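Visitor: I'd like to know what stands behind the labels people put on a model like this one. Can we go through them with the numbers on the table?

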Amino acid sequence: MKKTSRKQLIAYKNPTSPVSEQFKTIRTSIDFSAIDSAFQTILVTSPEVGSGKSTIAANLAIVYAQQGKKTLLIDGDLRKPTVHKTFSKNMFCGLSSVLTDQIDLHEACQNTEVPNLSILTSGAIPPNPNEMLSSNKMTLILEELKQEYDLIIIDTPPVTIVSDALVIAQEVDGVILAVRYGVTLKDRIKQAVEQIGMTRTPIIGTVLNGVSEKKSNYYYYAYK
Ligand SMILES: Nc1ncnc2c1ncn2[C@@H]1O[C@H](COP(=O)(O)OP(=O)(O)O)[C@@H](O)[C@H]1O
Ligand SMILES: [Mg+2]
């Protein structure tokens with residue numbers, strides 16, 4: 001199997017590092033914030049580009065898989081997909097291929113070198129991501145995957161730029177907002193929170209990425 005990116009998959013490559021510990025803490029915080037039943041579908045988005053959404057989504061998926069949960073990471077960023085790169089897989093034969101009936105859903109979900117973790121890559125970049133993600137077929141796909149996986153994490157584009165994440169947010173149990181420390185503007189965060197609020201899906205946490213109080217401190221989870 002091809003090598004995965006060490007930096008991006010830190011929770012797998014270096015499970016005892018402080019950053020990996022922080023991802024486990026985030027997992028615990030998410031689990032504790034579930035009141036009636038555990039979150040099965042979690043969407044990761046951010047107010048703007050480059051907030052570390054994809055890194056957070058991939059590492060969260062890894063720490064859930066390490067807990068023994070059958071986990072699926074979906075690349076719902078059909079504009080700038082990166083999940084295939086992170087796991088050194090082919091981008092094609094992914095979500096857009098399933099949505100356009102080119103491939104069977106189960107064939108499209110690929111195993112990774114991380115035990116218990118599968119990925120559904122983006123597939124070819126479509127001209128109409130928003131229409132695809134808001135289709136009935138997308139709802140059916142998620143329903144089918146929920147029968148099969150204990151936990152599904154969906155990486156998406158930034159929420160204030162395109163509405164793709166909002167469309168999928170309506171279908172999930174909770175949203176994680178990735179914010180880049182010292183970079184994301186307050187107004188952008190407010191706008192993102194308002195937009196997600198309209199979907200009625202709860203924001204189950206905000207991950208403040210890039211905090212450097214101590215030299216190895218990257219992630220901070222703000223409990224909501
Ligand atoms: N805490 C961090 N410290 C340093 N680099 C980071 C951190 N989080 C993410 N990065 C890097 O920043 C870039 C953008 O991150 P990514 O997770 O792809 O963001 P997004 O999906 O929000 O665009 C990547 O090269 C990633 O490795
Ligand atoms: Mg990304």
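Visitor: Why is Glu21 called partly exposed?

Guide: Its relative accessible area is 38%. Buried means under 20%, exposed means over 50%, and partly exposed is what lies in between (1.4 Å probe, protein chains only), so Glu21 at 38% gets the middle label. Before we go on: this is a predicted model, where local features need pLDDT of at least 70 and side-chain atom pairs count only at pLDDT 80 or more, while totals for chains, interfaces and linings use all residues. Residues are numbered from 1 along each chain as its sequence is written, chains are lettered from A and ligands numbered from 1 in the order in which they are written, and side-chain values use heavy atoms, with hydrogens and water left out.

Visitor: What makes Lys24 and Glu21 a salt bridge?

Guide: The rule asks for a side-chain nitrogen of Lys or Arg within 4 Å of a carboxyl oxygen of Asp or Glu. Here the closest N and O atoms are 3.5 Å apart, so the pair passes. Both residues sit in helix H2 (residues 18-33), three residues apart, which means about one helical turn between them. Lys24 is partly exposed too, at 21%. As for "helix", that's a DSSP run of H or I with at least four residues, strands being E runs of at least two, all numbered from the N terminus.

Visitor: How many salt bridges does that rule give?

Guide: Five. One of them joins Lys13 and Glu113, at 3.6 Å from N to O. That pair links distant parts of the chain, 100 residues apart: Lys13 is in helix H1 (residues 10-13), and Glu113 is in the loop between strand S3 (110-111) and strand S4 (117-120). Lys13 is partly exposed at 22%, and Glu113 is partly exposed at 23%.

Visitor: And what ties Lys137 to Asp101?

Guide: Another salt bridge, 2.6 Å from N to O. Lys137 lies in helix H8 (residues 136-148) and Asp101 in the loop between H5 and H6, so parts that are 36 residues apart in sequence are tied together. Lys137 is partly exposed, with 29%. Asp101 has 58%, and because the cut-off for exposed is over 50%, Asp101 counts as exposed.

Visitor: What makes the backbone of Asp101 worth a second look?

Guide: Its phi is near 60°, a positive value in a residue other than glycine. Most residues other than glycine have a negative phi. Cys93 also has a positive phi, of about 60°, without being a glycine. Cys93 is in the loop between helix H4 (83-86) and helix H5 (95-99), and its 43% accessible area makes it partly exposed.

Visitor: How do you know that Met132 is buried?

Guide: Its relative accessible area is 11%, so it falls under the 20% limit. Met132 is in helix H7 (residues 129-133). Beyond its neighbours within four places in sequence, Met132 is in contact (heavy atoms within 4.5 Å) with Leu78, Ser96, Leu99, Thr100, Pro126 and Met138.

Visitor: Why is something called a nonpolar core?

Guide: Because it is a set of buried Ala, Val, Leu, Ile, Met, Phe, Trp, Tyr and Cys residues joined through side-chain atoms within 4.5 Å. The largest one has 34 residues, and Leu72, Ile74, Leu95, Leu120, Leu145 and Ile168 have the most contacts inside it. Helix H9 (residues 164-169) gives the most to this core, five residues. Apart from that core lies another, of 31 residues, including Ile26 and Val114.

Visitor: Which residues are closest to ligand 1?

Guide: Gln8, Lys53, Ser54, Thr55 and Asn209, out of 13 that surround it; to count, a residue needs a heavy atom within 4 Å of the ligand. Helix H3 (residues 53-66) gives the most to that shell, with three residues.

Visitor: What makes Asn209 a polar contact of ligand 1?

Guide: A polar contact is a pair of N or O atoms within 3.5 Å. A polar side-chain atom of Asn209 lies 2.5 Å from a nitrogen atom of ligand 1, so the pair qualifies. The side chain of Ser54 has an N or O atom 2.8 Å from an oxygen atom of the ligand, and for a backbone N or O atom of Gly50 the distance to a ligand oxygen is 3.2 Å.

Note on methods: Polar contact = N/O pair within 3.5 Å; in protein donor to acceptor, adjacent residues only side chain to side chain.
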